Every structure is written in C-alpha cells, then in structure tokens.
Amino acid sequence: MTTIEIKNLTFGFDSQTTNLFEQTNLTIDTNWKLGLIGRNGRGKTTLLNLLRGKLPYSGTIQHQVSFTYFPQHIEDKMQLTYYVLQELSSFEQWKIERELNLLQTDPEILWRPFESLSGGEQTKVLLALLFVDDVNFPLIDEPTNHLDIVARNQVADYLRNKRRGFILVSHDRHFVDEVVDHILSIERSQLVMYQGNFSTYEEQKNLRDHHEQDENTKLKKEIGRLKQTAAEKAEWSRGREKDKYGDPNKKGSGAVADTGFIGARAARTMKRSKAIVKRMEDQAAEKEKLLKNIEFVDPLTMNFQPTHRKLLLQVENLQLSYDKPLFAPISFDLEKGQRIAFKGPNGSGKSSIIKYLLGEFDGEASGEILRPQNLNISYVRQNYEDNRGTLIEFAKEHQLSYEVLLNNLRKLGVERNVFNNPIEQMSMGQRKRVELAKSLATPAELFIWDEPLNYLDVFNQEQLEQIIHEVQPTMLIVEHDETFLENVATKIISLKSEKTK
C-alpha cells in the first residue's frame, strides 16, 4: 500500500485574510477512489496543485507517486488528436484505442483535429490518455463539464471499473456517487474524510451536524449560565465594596465609622467574589472554544410572480430542424407550478426548444405553440459572456433590486471583495452566479433555465433545490445532472431522434 501523507500543511493566498489550510494533517491511500468536494473557493483545485508541487506551502507532503492531471493543457488544438496526445505523453497506439473503446468512443476520432471534437469527445480522449499511463496517480478536476447524461454514465462506468485509485473533483452528485469509495470534504474549519460514496457522506455529515448543533445548544446554555453567574457575583462584589467605602451617591454614607470589622469582612468577601467572577469568565471562555464551526448554507430568494393564468404554454407536434429534424415531434402543456425538464444527448435539440420559445431559433420549425401575451420570463442562459460592467450598473440595466442581487450572490458563495469588480473580470464561476442571481431577482411567471448548474458546487445545487421546493415556480429546465432533475422536475420530456420515433 502506498500513501500520500500531509502533515501540518498551511497555505493561503496573499489576497485572502484567512488560510485555506491551517496545520492540516491527512493520509490518503492511493488505492482509494477519492471524491474531493467542498464549496467553491475552499481549495479543491488548490489542494490538487499543492500535491503537484505547483504552489509554495509550509508543512510536508510526502508520497512515492508522481501525479498526472486532468484537464491537460493543449498548446495547438488544430493538430490531429493523436499528435496532440503524443505531445502530452508517450503511449502505444493500441493502448489509447483500448481506453477509447472502454469509454464507448470510436478510436477514429484520433485522426480528426482536436479542435473539431465536441467537448465530450475532448474529455474522453484526455481521460483515456490519463489512464494509458499505469504508473502515475491521476488527479481528475471536473470531468463532467462538457458531458451529456449518456456520456456521464459512460465515463462513470469507465472510472468505476478501473482497478486503480485516483482523486476526483466533481459537482455532479450522481456521478460522484457512482464512482468513488471515499469522500474528502473541505469544510469551513477542517478536512474531513468519509468512507463511502456521496450518499454515505451526506448521511454521515447530516448526523454529525445534528449532533454538533445539539452540543452547541448545550454549550451556549452553559456559557449563558456561567456569564449570568459571573455578572451576579460581580454586582454583589460591587455592593460589598460600597459596604467598605460607602456609597458616594448617598449623603452621610462615608465609611469612616465602618472601617473596622465590617471593612475587613467586606474586603475578604470582595476578594473571594472577584475570584469567582474570574473563574466563571474563564470557564465560559473555555466552553466557547468548544463551539463547533458548523457550515450553514443560507437560503436563496426567488422572485416568482404567479398570476391568474393556469396554462402558460401549450405545444402541439413541435419539431425543429437544421437541414434535418433534431428530434421527433413533441407535445406538452405547461401549467402554473409545473417544472418540465428536457433530457437528451448533446445535439438533440434541448436548447433549441428554449431558443424557439424565446423567438431566437434560426432554423426551421413546424407545429403549434399557444402562449399568453405579455408572459414575464426569467432566463438563465448557457452563454452569458455579454454580462459586463459593475454589479450596480448591471442591476440598473436589468431593472433589478441591487440589494437582492448582492444578497443572492453572497449566499451563492461570491466573496464581498468581488462585488466591486467588473463582471467581465470575474472568474467563470462568479460570472455564472451573476447570471443565476439575475434570474432569481427578476420578477417572472415562468423561469427558463438552460444548464443552470455549470460551475456551481453541490451546496449551490442544494440551495436551488431548496428554493424551488419552497416557492414552487413554473419552470422549463435543460440540465444534465440527473440528481437535480429528479429532485425538482415534475415532468421529464426525453427527446428522441426521428428514426427512433
């Protein structure tokens, strides 16, 4: 058995007021299929880079393995895929073809320009290269970003059947559940290891959080009692002091005639009282140190504005085409409070349906659609690079409450020091949260979300599920995350090709 030993690891970026890791100790067995999870900004990718020796730190990281990392950096995407991979690592052709077959992908894509491959195909060839190397230890950072549901299941099967360990970062709960046998959670004040998959982690973490909340409640009561006792003793001590020296607020209360027996007794009593106060305060301070720093995920707000309308959309035999049909004709009604999700592989026309409903589809369409006039819609787009300017300018442009926008951004995990940055200078994850916070703040009868979970961590996903269950909005959703769809959709429409009609 080989291990990765982390001892007294301390690391933080200069721009942050607190360290990401503080005197951290951890042992990882390299045979584990380890899922690494945590809120965005907590240091998942940073930990992978520390393992790779890419960042300076204090403490020690000891291991007898070398690391390979996904996604690899591609210099020239115009080259044939085979030569792109050759520049990244040496391998035998039959081995890379074997891995592609295991990923249910035609090895012929090796002879296409890398740039011409879909995002899912690029992911698969880079993963195949990672596992052709049977010596180094794989670090896999967000492999599901460009995979549809079918491809996610294929990659999950591939990783689950591997007989070697790796560390996997992914925000797809179902994917992690299918693949890993251990979870490492980066929490607010500690690294916590769990044996099992994501479902086991959630169950154990909930039990631990409930226990720690109960312990915190007991401690807070005890701290309150100690502080109350200390305050009472302090007040009593002040009263005894008046016995000795007299109350300056009362006439004729000087202590000249009382400095004998009463004064000595008051002094002794006051001294004991102050010692008791000090002891009570010390005990309260010690118990405050025992309070657990439990991570709470604040609930979001959603500006759903339902009207008297019961039926919002009626679609009959809708079929969209670019030269040839994207899917077999579909029909559906969308009533108030319903949440319809569209499922299908990449290229099956899911986003095209949304664009058609919004009047943005540039292909051919047949069928009928009935919808009320002046239907207020809030839209989360896949592509939101045109969001620009400061947040206050952005709120004014979209007629949003600036306070509500900032509140939801903060709850989604965007740090306050980012709020003054122009949107175009934010990270892709932060920009995605701006797009989502905009939609949440927009007053609407219908929310249309096209792949809302990209760049969001599992805690954000749970926040969205919570607000959707609370508000019960009317929605159309396109998303590849099966857990999210199972939790929020009231109806799922699977798109089928015309030939399988």
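Me: In which loop does Arg-309 lie?
Reply: This is a predicted model, where local features need pLDDT of at least 70, side-chain atom pairs count only at pLDDT 80 or more, and totals for chains, interfaces and linings use all residues. Residues are numbered from 1 along each chain as its sequence is written, and side-chain values use heavy atoms, without hydrogens and water. Helices (H or I, at least four residues) and strands (E, at least two) are DSSP runs, numbered from the N terminus. Arg-309 lies in the loop between helix H8 (261-289) and strand E10 (311-322).

Me: Is Arg-309 buried or exposed?
Reply: Buried means under 20% relative accessible area, exposed over 50%, partly exposed in between (1.4 Å probe, protein chains only). Arg-309 has 18% relative accessibility, so the residue counts as buried.

Me: Which residues does Arg-309 touch, not counting residues up to four places away in sequence?
Reply: Contact means heavy atoms within 4.5 Å. By that cut-off, the partners of Arg-309 outside the excluded stretch are Lys-336, Pro-372, Gln-373, Asn-374, Leu-375 and Glu-445.

Me: What is the strand order of the open sheet of 6 strands?
Reply: Two strands pair if DSSP finds at least two bridges between them. Pairing in this open sheet is mixed. Strand E5 (67-70) and strand E9 (191-195) stand at the edges, each with a single partner strand, so one side of each lacks a neighbour in the sheet. The order is E5-E6-E7-E3-E8-E9.

Me: How many bridges join strand E3 to strand E7?
Reply: E3 (residues 33-38) and E7 (residues 166-169) run parallel. Leu-36 stands opposite Val-169 in E7. The number of bridges joining E3 to E7 is 4.
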